[in-house]
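Here is a report for a reader meeting this structure for the first time. Keep the view open while reading.

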Amino acid sequence: PGPPREVRPLLEHRVRPILAELSDAVIASHNVHFYGIGESEMEYRLRGYMEELTNPTLAPYAKSGECLVRVTAKAPTEAEAETMIAPCLARVQRELGAFAYGVDTPNIETCAAELLLAQHKTIAVADSCTGGLLGDLLTNVPGASAMFAGGIIAYNDAAKTRLLDVDPALIARCGAVSPEVAAAMAEHVRAAFGTDLALSITGLAGPDGDGVHTVGTLFVALATPDGTFHRTLHKDKWGRVRIKHAAANHAFDMVRRYLTGLPVEFEETC
């Protein structure tokens with residue numbers, strides 16, 4: 001069969017057992033996921049360690065918006081393979097520090113959601129240029145109802161004023177695409193839903209700028225009991241859909257960093 005959804009079960013449940021019977025060893029692997037660092041920088045930091053290893057091995061991969069390292073070991077039993085992998089996982093995470101967000105975690109929103117669930121925290125969201133993407137991604141995670149209160153899509157200035165109580169004078173003074181408006185959106189949606197945390201995104205996904213900022217300029221805010229944090233992003237070489245997903249990923253990374261006690265803010269440049 002050609003469709004992946006048909007091929008994968010066939011390989012997993014039919015082909016893999018046949019291959020296992022022909023081998024006297026077991027192969028085990030785990031993926032360490034990173035956010036906020038590029039593949040080349042990740043590989044540079046781990047190159048020396050990768051060259052030292054023969055079994056287990058490390059293999060770097062780039063994914064959309066993030067990267068990962070696959071740690072693989074071959075041993076007579078799965079338990080032995082896992083024992084070989086464990087110190088490698090620990091070292092990789094130690095070497096990359098705050099950039100490592102999980103082992104075998106599907107994506108950054110799952111990481112953020114699982115932290116919220118584990119800490120019994122709630123969150124609300126306010127989307128502008130992302131058009132509801134924050135809530136959509138959060139609700140893909142099982143158990144989301146225990147931590148996600150809801151969201152407001154305030155795509156134009158009138159909606160920001162009417163639904164999020166953003167001061168029209170603030171929009172007139174700073175512009176709808178600004179860190180000040182992003183902060184006001186996050187703070188007001190947090191108050192509206194009565195949540196522990198709140199996220200907001202405002203920016204320009206294209207195809208046109210606003211006369212002040214270029215396409216791909218984004219402002220992300222995280223409102224918390226300890227104050228409001230910001231990130232400024234510049235994604236002018238990216239397409240509209242990728243720009244939206246980049247903004248959402250950065251928002252969830254801010255949640256992840258806040259809930260684990262890491263620095264939240266930085267300005268990303270092209």
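## Cysteines

C129 is buried, at 6% relative accessibility. C174 is partly exposed, with a relative accessible area of 27%. This is a predicted model, and a search of the whole structure finds zero disulfides in it.

Why does C174 form no bond with the closest cysteine sulfur? That sulfur belongs to C129 and lies 17 Å from the sulfur of C174, which is too far for a bond. A disulfide needs the two sulfur atoms within 2.5 Å.

## The β2–β3 hairpin

Strands β2 and β3 run antiparallel. Seven bridges join them. Within this pairing, L58 stands opposite V71 in β3. The hairpin has two residues between the strands. G65 takes a positive phi there, near 85°.

Just ahead of β2 (57-63) comes a loop that starts after α2 (39-52), and P56 lies in that loop. The peptide bond from N55 to P56 is cis. Its omega is near 10°.

## A right-handed β-α-β unit

How do strands β5 and β6 pair, parallel or antiparallel? They pair in the parallel sense, over five bridges. Strand β5 covers residues 123-127 and β6 covers residues 148-153. A126 has I152 of β6 as its bridge partner. In a regular strand, side chains alternate between the two faces of the sheet.

Helix α5, residues 133-138, completes the picture. Together, β5, α5 and β6 make a β-α-β unit, and the unit is right-handed.

The loop between α5 and β6 holds S145. S145 is exposed, at 73% relative accessibility. S145 and L117 are 28 residues apart in sequence. In space, their C-alpha atoms are 9.7 Å apart.

## Helix α4, largely enclosed

Is α4 largely enclosed or largely open? Eight of its eleven residues are buried, so the rest of the structure largely encloses this helix. The buried residues are I108, E109, T110, C111, A112, A113, L115 and L116. An α-helix has 3.6 residues a turn, so residues three or four places apart point the same way.

What do the buried residues of α4 pack against? Their partners are three strands named β3, β4 and β5, the helix α5, the strand β7 (197-203) and the helix α9. After α4 comes H120, with a positive phi near 55°.

## Two aspartates with positive phi

D104 is not a glycine, yet its phi is positive, at about 60°. D104 sits in the loop between β4 (100-103) and α4 (108-118). Its relative accessibility is 41%, so D104 counts as partly exposed.

D165 likewise has a positive phi of about 60° although it is not a glycine. The loop between α6 (157-164) and α7 (168-174) is where D165 is placed. D165 is exposed, with a relative accessible area of 55%.

## A buried aspartate in α9

Helix α9 spans residues 240-259, and D253 lies in it. Is D253 buried or exposed? D253 is buried, because its relative accessible area is 0%.

Which residues does D253 touch, leaving out those up to four places away in sequence? D253 touches Y35, I108 and R231. I108 is also one of the buried residues of α4.

## The largest pocket

Rolling a probe the size of a water molecule over the atoms shows where empty space is left. The largest pocket holds about 500 Å³ of space. Its lining has 25 residues, and the closest to its centre are Y35, S64, G65, E66 and N249.

Which elements give two or more residues to the lining of the largest pocket? They are β2, β3 (66-75), α4 and α9. The largest share comes from α9, with five residues.

Several earlier names meet again here. Y35, close to the centre of the pocket, is one of the residues that D253 touches. G65, also among the residues closest to the centre, is the hairpin residue with the positive phi near 85°. Helix α4 lines the pocket, and its buried residues pack against α9 among other elements.

Conventions: Residues are numbered from 1 along each chain as its sequence is written. This is a predicted model: local features need pLDDT of at least 70, side-chain atom pairs count only at pLDDT 80 or more; totals for chains, interfaces and linings use all residues. Side-chain values use heavy atoms; hydrogens and water are left out. Buried means under 20% relative accessible area, exposed over 50%, partly exposed in between (1.4 Å probe, protein chains only). Helices (H or I, at least four residues) and strands (E, at least two) are DSSP runs, numbered from the N terminus. Two strands pair if DSSP finds at least two bridges between them. A crossover is right-handed if, with the strands pointing away from the viewer, the path from the first strand over the helix to the second runs clockwise. Contact means heavy atoms within 4.5 Å. On a 1 Å grid over the protein atoms alone, a cavity is a set of points where a 1.4 Å probe fits but cannot get out, and a pocket is an open set with protein on both sides within 12 Å along at least five of seven lines; lining residues have an atom within 4 Å of a point. Grid points are joined across faces, edges and corners, and a volume is the space filled by probe spheres set on the points.
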